[in-house]
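Here are my notes for someone opening this one for the first time. Have the viewer ready and follow along point by point.

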Amino acid sequence: GCSTSLFKDLDDAEGLDVGTWLRDQVLARFKQKQKPLTIKYIDPTYTVRSEKADALDAVYGSTLAEHAVHGAMAGITGVLVAKVNERNVYMPLQVLSKMPRRNVDLQGRWFARMLFTTGQPSFEPEGFSYPPNEDRS
């Protein structure tokens, strides 16, 4: 099983970057079996966040990660793990790519709430102002 083949010889897990370790182990296994494989690994430390995750964010992220791993181990590909109507689901990427684009109103209430909640500073140059929004009533 997975525990005997991928995780053998792992004595000291302290300070180990699990993402890169798992990527290297999977790549080595496929190379050993002479099967082509490409893994695109994005180091999560490069993601931008203006505030440390709270407990709810941590649990939500962990739940999404668990479902993503379970799907991958079951051979499910081409999906996004998401929470819809309080259920975690696998959404086909084709469905997402056909959805109409939604734009964020940078002068709207929700964007202002996000800025206030996260404490994110304004990145506009000094003296910059947005043109009036004709769609707003």
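1. Let's start with Val-89. With a relative accessibility of 28%, Val-89 counts as partly exposed, because that label covers values from 20% up to 50%. You'll find Val-89 in strand S2. Keep in mind as you look that this is a predicted model.

2. What does Val-89 touch, apart from its neighbours within four places in sequence? Its contacts are Leu-80, Val-81, Ala-82 and Val-84. For a further landmark, try Ala-68: it sits 21 residues from Val-89 along the chain, and the two C-alpha atoms are 9.8 Å apart.

3. Now zoom out to the strands themselves. S1 takes in residues 79-84 and S2 takes in residues 87-92, and they pair in the antiparallel sense over six bridges. To pick out one such pairing, look at Leu-80, whose bridge partner in S2 is Met-91. As a general point, side chains in a regular strand alternate between the two faces of the sheet.

4. The link between the strands deserves a look too. S1 and S2 make a hairpin, with two residues between them. In that turn, Asn-85 has a positive phi of about 50 degrees.

5. How many salt bridges turn up in the whole structure? The search finds two. In general, side chains of opposite charge can pair when their charged atoms come close. One salt bridge joins Lys-83 and Glu-86, with 3.8 Å between the closest N and O atoms. Lys-83 is partly exposed at 40% relative accessibility, whereas Glu-86 is exposed, with a relative accessible area of 67%.

6. Another salt bridge links Asp-24 to Arg-23, and here the closest N and O atoms are 3.1 Å apart. Are these residues buried, partly exposed or exposed? Asp-24 is partly exposed, its relative accessible area being 39%. Arg-23 also counts as partly exposed, at 25% relative accessibility.

7. Next, helix H2, which covers residues 18-32. I like this one as a quick sanity check: its 15 residues, at 1.5 Å a residue, should span 21 Å, and the end C-alpha atoms are indeed 21 Å apart, so the two values agree. Just after H2 comes Gln-34, which takes a positive phi of about 55 degrees.

8. Over to the surface. Val-104, Leu-106, Phe-128 and Tyr-130 make a nonpolar patch of about 360 Å². Val-104 is in the loop between helix H4 (93-98) and helix H5 (109-118). Val-104 is exposed, because its relative accessible area is 59% and the cut-off for that label is over 50%.

9. Finally, the overall picture. The protein has five helices and two strands, and along the sequence they follow the pattern α-α-α-β-β-α-α. What share of the 137 residues counts as buried? The figure is 6%. The protein exposes about 12,400 Å², with carbon and sulfur atoms supplying 57% of that area. As for contacts with a separation of 6 or more, 24% are between residues 24 or more positions apart.

Terms used: Residues are numbered from 1 along each chain as its sequence is written. This is a predicted model: local features need pLDDT of at least 70, side-chain atom pairs count only at pLDDT 80 or more; totals for chains, interfaces and linings use all residues. Side-chain values use heavy atoms; hydrogens and water are left out. Patches are made of residues with over 30% relative accessible area and no salt bridge: like charges are joined within 9 Å, nonpolar side chains (Val, Leu, Ile, Met, Phe, Trp, Tyr) within 5 Å. Accessible areas come from the Shrake-Rupley method with a 1.4 Å probe; for residues, only the protein chains shown count as cover. A salt bridge is a side-chain nitrogen of Lys or Arg within 4 Å of a carboxyl oxygen of Asp or Glu. Helices (H or I, at least four residues) and strands (E, at least two) are DSSP runs, numbered from the N terminus. Buried means under 20% relative accessible area, exposed over 50%, partly exposed in between (1.4 Å probe, protein chains only). Two strands pair if DSSP finds at least two bridges between them. Contact means heavy atoms within 4.5 Å. The expected span of a helix is 1.5 Å times one less than its number of residues.
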